[in-house]
Amino acid sequence: MTKARKTTMLIVSAILVLATVLAGCSSDSKNKPSPSPSSNATNTPSNNPEEPASDVWEFGSEALEFSMYGHYSWYDVPAWDSTVAGRWLKENKKLNITPISAGGNPEQKLSTMIASKSLPDVMWMDRGADVERLREAGQLVAFDDYLDKYPNLKTWMGKDLNLLRSSDGKLYQFPNWYTGRANGNAGYVINKKIYDELGQPKLETTDDLYNYLVAVKAKYGDTVVPFDPDLAKDSQGLGVLYTAFKENASYTHLHANVRAVPQGDNLTSLFTDPTFREAQKYIAKLYREKLITQDAFTQTRDQIEERIMQGRVAVYAGANPTVVAMNAHQEMVKKDPESGYFMIWPIHKEGLDKNKIFPGTYTALGWNVNVITKAAKDPEKIFAFLDWYTGPEGQSLLFFGPEGKNWKGFDSEGHPIFTDDYNAEEVLELQKAHDPIMWNGNTGFIDPAKMKYESKLPAHEQNWAARYQSEITWPTQSNATEFINLVPQPDSELGIVKQRVDDIYTQAYAQSVMAKDDAEVESILDKAEKDAQAAGYGELLEWRTVEWKKNIEIIAGG
Amino acid sequence: MAQATTEQRTRLEQQPKPKKNIFVRFLKQWDIQLMVWPGILLIFVFAYLPMYGILTSFMDYNIFTGGNIWANPWVGFKHFQMFFDSPEFYNVMRNTIVISLLKFVIGFPAPIILALMLNEIRHMMFKRIVQTVTYLPHFMSWVIVAGLVMSMLSTENGSVNMLLKSVNMIDEPINFLSMKEYFWSILISANVWKEIGFGSIVYLAAISGVDPHLYEAADIDGASKFKQIYLITIPTIMPVVIIFMILSIGNLLNAGFEDILLLANNPVLRPVSDVIDTYVYRVGLSNFRYSYATAVGLFKAVISIGLLTMANYIARRSGNSLW
């Protein structure tokens, strides 16, 4: 080997070794901060002897910083500086939140954080198995001591809080969009221009809907999708159709966490439910005749939004069609005031009472929850912030911006007083931008506050969503609080059963929609019932019946 | 490994030179050793050390015990038993084997054929462009590729359906991504499209090592282009082909994960799309059944090692084995 070659090789080797060492070090430093919060956590109580536990800590009196993680594949906590409210809170309340990203793979991220004992301070996630698992392992902070000191949550949620309590009787979860009032957006959105061009036919019963879709198909052919059910594999618009076939049928019956129909005192199989079968036959007929988009099960949100934006959908139904339809409506009327979208009263089967048809549901507990982990240095301060955030000041900040511009002070009912400078467009932008940091929305406060402004405007000037929420969707959502907490632990025997039943259901659901005729729908559901029973569906239903009755008791007894 | 060391030893014993102290030999080639050790270290730390986690497949693993896996109870072969008894077992195994065989049979020769074809192109500019265009998809993530495939095959304004319609081959758009019959073809085509160019790079390199004199001699002897490919190019690059074939046989049970997860959106496809990896993800990880997931993964690994050993055994007879 020549000398020059040897020198080159030496340099290359040295670089390689260095790279290895560096790589080793960098991962080391990443892991380092993790143990510090937990070691601090054990020290804090003794660190603050001048602060007795009974003292109320006022949010904003001292700097507060914590880390936050959202347990969803489609969500990451935004950079705290990136929002108006975040900047305002940083400057005025000395609050800084460090986002922790799930990187699109929350299961793996959470597992890693648990196993490496580096949990974030606050986690935003669904109620149920994950929360329960963390609680059982003693990773969560109970809120019971804080509830009276920081009273917003208790005031606004009332006795429904009891439904959030874990099996040990303590409260570990701070709910999001909890409410005592009906809310929700599920329903049918109609393309105005197409509806007008077809002579504004009656659209009330399932037969009307079918005839209307046929007419759309005949007139517009392939250029317009007659019925778009949003993401059909999550039920969505197809689940909304299910509710048309029986009074008081609930969208929740189809949900993975329930997947059962109440009959008398028992929860019974969905596969044998005559309403479900009737609905599936109707849906299969629509699909077969190409009245439902053939991409229903494979399409993505982007494809749906694009189509709606271009006005190429005649009827759009889903569990939450409001945002997409509102955006599309606003864009479309700019070009053509006669176009756009409107919502209709839910479709019902001929002979049923249309006031007893509920395409969507809400629960008193709202959507998801915030939990504070034992890794948090100052759980009480974090709770104080969450409580402030869910109170009138926090909610008004998120929905109407910092106090002083669009609103100032509160009226006698506790609603914000809107100033003359109120800028509807700015408010709309703020709400859109703040959506990812609305972690503990207070529906009972914010809905009337929003309506207070809207109700003063003439109908056509009202915010599209607000108008149809107050006129149609809120009165037509049913309360499904009794169906919460029906999910067995995933790694238990029943959890395994649930997983199998879910697999069988998702497959049979899609298959039955794509069935060739009514007989095939029947046979697919018969087979699904047989497979599900073999997998243990019966035991799952029995267990769910017991839990369901417990819920009813808690709700009734308060 | 054991085999390798014995082979080395026998080779050393055959050498007439007196055995030198291993330390002296190491010092003499320290600069070369320095290049190997970082790699060995990385493999040891990231591939061998974590292997103790396999033990959790024989336990009921609770994730809150973290790294201290000894705190979990032993349950023997419970999780393996559960997998073999589960109703999905037959379907999952069939799909895994069929999809991976298809990927092997079609996806393995495809880059070789492309390389042979590219080699015959005399127009340099054109060759470069084709090469770049074909290997670029390799750098796209499956999310993007799946998105492309899905919008191309969509029934509403999907380009494939529009094309078929405009040439009057169909009257109604075909719902490609919701029909079981088409899934395997779509999956394999997307895979070949994505990886063909990148895979061909190594074969092109091997082909460029072929001695040009051989072609000249063949030309003089009047061999046609096809004959030259068949009798010169292919035999010369055979060792490379065999090594890569062994490696891909080791990967045979990796029927794919992201591609299937993203393309098989419609639950109707599950009977043809559910493979070991998607099953582990859905049943194991999403439901915290880590021990079960590990057991299924271990089962897969054992079969893969068996296949690799077998392939290597066969290859050794041709003199081109890995070890």
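Helix α7 of chain B runs over residues 124-135 in this predicted model. From its first C-alpha to its last, α7(B) reaches 17 Å, close to the 16 Å expected for its twelve residues at 1.5 Å a residue. There isn't much packed around α7(B), though: it is hardly covered, with one buried residue among the twelve.

Step back to the whole of chain B, and you find 16 helices and zero strands. Its radius of gyration is 25 Å, whereas a compact globule of 323 residues would come out near 20 Å. Along the principal axes, the C-alpha atoms fill a box of roughly 80 × 75 × 30 Å. As for burial, 26% of the 323 residues of chain B make the cut. If you look at contacts in chain B with a separation of 6 or more, 67% of them link residues 24 or more positions apart.

Now for one residue in that chain. G284(B) is found in helix α15, which covers residues 276-284 of chain B. Is G284(B) buried or exposed? It counts as buried, because 22 C-beta neighbours lie inside 10 Å and the cut-off for buried is 20 or more. Beyond its neighbours within four places in sequence, G284(B) is in contact with R289(B), Y290(B), Y292(B), A293(B) and V296(B). P173(B) is another matter: it sits 111 residues from G284(B) along the chain, and their C-alpha atoms are separated by 37 Å.

Over to chain A, where the domain assignment gives three entries:

| Domain of chain A | Residues |
|---|---|
| Domain 1 | 52-179 + 367-454 |
| Domain 2 | 187-364 + 467-480 |
| Domain 3 | 493-557 |

Taken over C-alpha atoms, the centres of domain 1 and domain 3 of chain A are 35 Å apart.

Chain A also has an open sheet of five strands, in the order β2-β1-β3-β12-β4, with mixed pairing. Which strands stand at the edges? They are β2 (95-100) and β4 (174-175) of chain A, and each has a single partner strand, so one side of each is left without a neighbour in the sheet. For β2(A), you can follow the pairing with β1(A) in some detail: β1(A) spans residues 64-70, and six bridges join it to β2(A), the two running parallel. One residue pair to pick out there is M68(A) and its bridge partner in β2(A), P99(A).

Conventions
Residues are numbered from 1 along each chain as its sequence is written. Chains are lettered from A and ligands numbered from 1 in the order in which they are written. This is a predicted model: local features need pLDDT of at least 70, side-chain atom pairs count only at pLDDT 80 or more; totals for chains, interfaces and linings use all residues. Helices (H or I, at least four residues) and strands (E, at least two) are DSSP runs, numbered from the N terminus. Two residues are in contact if their C-beta atoms, placed from the backbone, lie within 7 Å. Two strands pair if DSSP finds at least two bridges between them. The radius of gyration is taken over C-alpha atoms; the globule rule is 2.2 Å times the number of residues to the power 0.38. The expected span of a helix is 1.5 Å times one less than its number of residues. Domain bounds come from an automatic or database domain assignment.
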